Amino acid sequence: MSRRNDSMGEADVIPLHGPGGRPRPRPTPRRRSLTPPPAQTPSAPEVEVPEPSATLPAPSGPSGPTELERSVGEVADFLRRRLAGRYSVDEFGFDPDLNENVILPVLRPLYERWFRVETIGVENVPAEGGALLVANHSGTLPLDALMTVVATHDDLPTPRNLRMLAADLVFGMPGAGAIARKAGHTLACNPDAEALLADGELVGVWPEGFKGIGKAYADRYKLQRFGRGGFVSAALRTGVPIIPCSIVGAEEIYPKIGDLGPIARLLGVPYFPITPTWPLLGPLGLVPLPSKWYIEFGEPIRTDEFEAGAADDPMLVFNLTDQVRENIQQTLYRLLSGRRNAFLG
């Protein structure tokens, strides 16, 4: 709101006191009054108040809203927008307002304080335009994918929303599928991947799938097969770069030492893991171990240099898939060789 400064005209005022603050003397009457004039009370002496010294500190006061006040204000603004319907959702169900104000703030404590994630090579992720990020998968539960979402939003010079390609199982789970859609993620299929890439989005894929996150702890950091290379054909058709992404630290959060197959089949899930803390410690066993994480974004692999129809060449797709896989595997070995401890880094 702008303040108005109303100017007022100044009227001529006849001073009641003369210079120095003393009363003006009354004129001497020409005729003698029967009553003597009242005695004049001497005015109080003027006291000069010294100006405050420049060396004395000025009293401190609130310079602006506190962190708590800002947070409360942001929450109030968010609720007003939701109640008024002032937010947008794209054709895949992505709700940027909900993602920015609810989903990412929930993940940040894990990212910043629990796993203490460090990112490397953020300059390799383009600031705009379509790009396909391909990463290794591990950890029994797919927390590595969620932490990569935070990394691409918070640590890049230009924040970007990573649109993950997830398995059908995720969208079949009650509640989880709706949240995944709101966060901007979609099915791991070529039509959805190509539509997002052609629209200039940053898309993430974990080609190992459940074979990667469900592997035994003894096989940690050994990449599994990358499928048939569908992600490479999607990148070739849209001409976007492929960004290899290597994640170290996720293998240690739930060390899988066994698998209860009958329970997994009963629940309709790929595996039912046994870890040193689960199911022995009950719900406490669901708390991930606080390993130290590193996420490195490798140099982009260009696909716009290939001829039209290259996506239909099985040998070319296979070679590019193997190149991306080997790039990630060698980066994992390098990061592991420089790590002194899984939990201290």
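1. Quick definition before anything else: an angle over 145 degrees between axes counts as roughly antiparallel. Keep that cut-off in mind for the helix pair below. Also bear in mind that what we have here is a predicted model.

2. Start with helix 1 (residues 67-84) and helix 2 (residues 96-114). Their axes cross at roughly 150 degrees and come within 11 Å. With that angle, helix 1 and helix 2 are therefore roughly antiparallel to each other. As for handedness, helix 1 passes helix 2 in a left-handed crossing.

3. The same two helices share a salt bridge. R81 pairs with D97, and the closest N and O atoms sit 2.8 Å apart. That pair links distant parts of the chain, since R81 belongs to helix 1 and D97 to helix 2, with the two positions 16 residues apart. On burial, R81 counts as partly exposed because its relative accessibility is 21%, while D97, at 15%, counts as buried.

4. Next, R334 and E296. Their side chains meet in a salt bridge at 2.6 Å, N to O. R334 lies in helix 10 (residues 314-337) and E296 in strand 9 (residues 294-297), so this pair ties together parts that are 38 residues apart in sequence. E296 is buried, with a relative accessible area of 12%; R334 has 45% relative accessibility and counts as partly exposed.

5. One more pair to look at is R302 with E305, where the closest N and O atoms are 3.4 Å apart. E305 is exposed, with a relative accessible area of 58%. R302 comes out as partly exposed at 48% relative accessibility. Elsewhere, salt bridges that share partners join R81, R82, D95 and D97 into one network, so if you're inspecting R81–D97, pull up that whole group. For the overall tally, the structure holds 17 salt bridges.

6. Now the greasy side of things. There's a nonpolar patch on the surface formed by L169, M173, F210, I263, L266, L267 and V269, and together these residues have about 600 Å² of accessible area. Which element gives the most to the patch? Helix 9 (residues 261-267) does, with three residues.

7. Last, a word on M173, one of the patch members. M173 is placed in the loop between helix 4 (168-172) and helix 5 (176-182). Its relative accessibility is 42%, so M173 counts as partly exposed.

Conventions. Residues numbered from 1 in each chain as written. Predicted model: local features only at pLDDT ≥ 70, side-chain atom pairs only at ≥ 80, totals over all residues. Heavy atoms only, no water. Patch = residues over 30% accessible without salt bridge, like charges linked within 9 Å, V, L, I, M, F, W, Y side chains within 5 Å. Areas by Shrake-Rupley, 256 points an atom, 1.4 Å probe, with all protein chains shown as cover. Salt bridge = Lys/Arg side-chain N within 4 Å of Asp/Glu carboxyl O. Helix = DSSP H or I, 4+ residues; strand = E, 2+ residues; numbered from the N terminus. Buried < 20%, exposed > 50% of the residue type's maximum accessible area, 1.4 Å probe, protein only. Axes fitted to C-alpha atoms, helices over the stretch in contact; angles between N-to-C directions. Parallel < 35°, antiparallel > 145°, perpendicular 65-115°, else oblique. Left-handed = near helix turned anticlockwise from the far one by under 90°.
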